[in-house]
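Let's take a walk through a protein model together, one piece at a time. Have the sequence and the 3D view ready as you read.

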Amino acid sequence: MKKLLALLLALVMVFALTGCIQTVAPATEPAEAEAEEEAEAEPAAEEEAEAEPEASGDGALVGVAMPTKDLQRWNQDGDYMKAMLEEAGYQVDLQYGANDIATQVSQLENMIANGCKVLVIASIDGSSLGTVLAQAKENNIPVIAYDRLIMNSDAVTYYATFDNWLVGTKQGEFIRDALDLDNADGPFNIEFITGDPGDNNINFFFDGAMSILQPYLDEGKLVCPSGQTEKAVVATAAWATDAAQSRFENILAANYSDGTPLHAVLASNDSTALGVENALAASYTNDIYPVITGQDCDIAIMKNLIEGKQAMSVFKDTRTLAAKVVEMVDAIMKGEEPPINDTETYDNGVGIVPSFLCEPVGCTVDNYKELLIDTGYYTEDQLK
Ligand code: BGC
C-alpha cells in the first residue's frame, strides 16, 4: 500500500513537472505512442511490477484504451489505471486513440490478438466499436466500459463511471442558486454548450442540467438570446476548446455586442468552458460576468476558477474510478462478483449494463483546497 501511495505521489509529481493541461498536443503520434507503450512502461511502474511478483494478477495482460492525450483527465486516468493494475500484478497494454475512431479500433484489435484477458475501454465514439467488440466476445474477453458507455453492443460486460446525471443536475442547480432563480425577477440571459455527440455521457450531463433549468426557460425567467438550446445544436465535436471558443465568438458577436448582459453559461465540462472563457476575454465587455459551470477540475480551469473567471467545476476523482476498475478487473480474473451499485440506469441499446457509479462533487473557490490540494490531487504550485 505504501508503495502504491509512493507511486501515485510520483505520478502527481510528473503532472506537476509537465504541467499537463487540456490543450497540450499529443506527446507522440499515435503509431509512435503505440510502439513506445508496447516497448514497455515507465521505469517507475515497471520496477514496481517487478517488485511484486506475488501480487494477485499473475502477470495477465489487461488492455486499457483511452480516447486521447489532448485532455488532461485521460492522461491521469491512464496513468492511474496502469500503475494500479501493475501494482496488483497485471501487465498493462495502455493505448491512447488520438481521438480517431479507426486508431482506437485497431488498438483494440491488437489487444485482442496479443492475448489481453480483459479490455478496459474509454471510447472515442460509443457507437463505433460493435465489430471489434464482437471479436472480443468471440474470444471470451470481458469488456469494461470506462467512464463512457459503449453503445449497441452485447459485448460490454460492466460499466464504471461517475454518476453522470448527478454531474448535470449539480451544474443546473449551481446556476439556479447563483442567479437565485426562485426569488429574483429576472429575466436572465443564458447560453449552453455541451460535448461530443458520440459521447453518451452528454445525454446525462446535458439532460440532467436541463431537468433543473428547463422550467425557468419555460416560464421566461431564463432567456437564451442565441436561441441555441437543443443538445444537437450546442454539442461540441471532440469536446474541443477551439470549437467551443469559435462558436461562442459567433454567439457573442451576434447577440451581445450591443451591451446585452450574459448572466450564465451552462458548460458541460472544463474544456468547453475554457473555450467560452477565451471568447469572453476576447470580445465581451459588459460588467456583468456570467456564472459558468464546468467539470473535471482541469488545471487550466482551476486557475481560471481561482481568478473568478469560472464559478464552478465538478470534481471527479479519477483515482477513485481507476481503483474501482482495478477491483472489477481483479474480481473478473478471480471469477468473483465485481463491485456494482447500479443495475437500472445505463441501457446501451442492447440491454442494461451493470455499473458502478462513483460520486461527483461540486467544486468552487470555497472548497477546492480541501478537495484537490489536501487530498494530494494537485499541489498548490500546479494551480499558480
Ligand atoms: C467525461 C468528462 C470529460 C469529457 C471530455 C466525458 O466523457 O466524462 O469528464 O470532460 O468526456 O473528455
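Asp 180 is partly exposed, with a relative accessible area of 34%. Keep in mind as you look at it that this is a predicted model. You can find Asp 180 in the loop between α7 and β6. Its backbone has a feature worth a pause: phi is positive, about 50°, although Asp 180 is not a glycine. Most residues other than glycine have a negative phi, and most peptide bonds are trans.

Stay in that loop for a moment, because Pro 187 also lies between α7 (164–178) and β6 (188–193). The peptide bond leading from Gly 186 into Pro 187 is cis, and its omega is near -5°.

Now move to another loop, the one between β2 (91–96) and α5 (101–113), where Asn 99 sits. Asn 99 is not a glycine either, yet its phi is positive, near 55°. With a relative accessible area of 30%, Asn 99 is partly exposed.

Next, let's turn to helices. Two packed helices are described by the angle between their axes and the distance between the axes. For α7 and α8 (residues 201–219), the angle is about 30° and the axes are 7 Å apart. Angles under 35 degrees count as roughly parallel, and therefore α7 and α8 are roughly parallel to each other. The crossing of α7 past α8 is right-handed. Which residues meet here? From α7 they include Trp 165, Val 167 and Ile 175, while those from α8 include Phe 204, Phe 205 and Leu 213. The residues of this contact divide into 9 nonpolar, 9 polar and 3 charged.

Finally, look for the sheet. Strands of a sheet pair through backbone hydrogen bonds, either parallel or antiparallel. Here, 6 strands form an open sheet with parallel pairing, in the order β2-β1-β3-β4-β5-β11. Why do β2 and β11 (355–358) each have one side without a neighbour in the sheet? They stand at the edges, each with a single partner strand, so one side of each is left free of a neighbour. On average, neighbouring strands of this sheet are turned by 15° against each other, direction ignored.

You can zoom in on one pair of strands: β1 (residues 61–66) is joined to β2 by 6 bridges, and the two run parallel. One of the links to look for is that of Ala 65, whose bridge partner in β2 is Gln 95. Lying across β1, β2 and β3 (118–121) is α5, which runs at about 180° to β1.

Methods:
Residues numbered from 1 in each chain as written. Predicted model: local features only at pLDDT ≥ 70, side-chain atom pairs only at ≥ 80, totals over all residues. Heavy atoms only, no water. Helix = DSSP H or I, 4+ residues; strand = E, 2+ residues; numbered from the N terminus. Buried < 20%, exposed > 50% of the residue type's maximum accessible area, 1.4 Å probe, protein only. Axes fitted to C-alpha atoms, helices over the stretch in contact; angles between N-to-C directions. Parallel < 35°, antiparallel > 145°, perpendicular 65-115°, else oblique. Left-handed = near helix turned anticlockwise from the far one by under 90°. Contact = heavy atoms within 4.5 Å. Nonpolar A, V, L, I, M, F, W, Y, C, P; charged D, E, K, R; others polar. Pairing = 2+ DSSP bridges.
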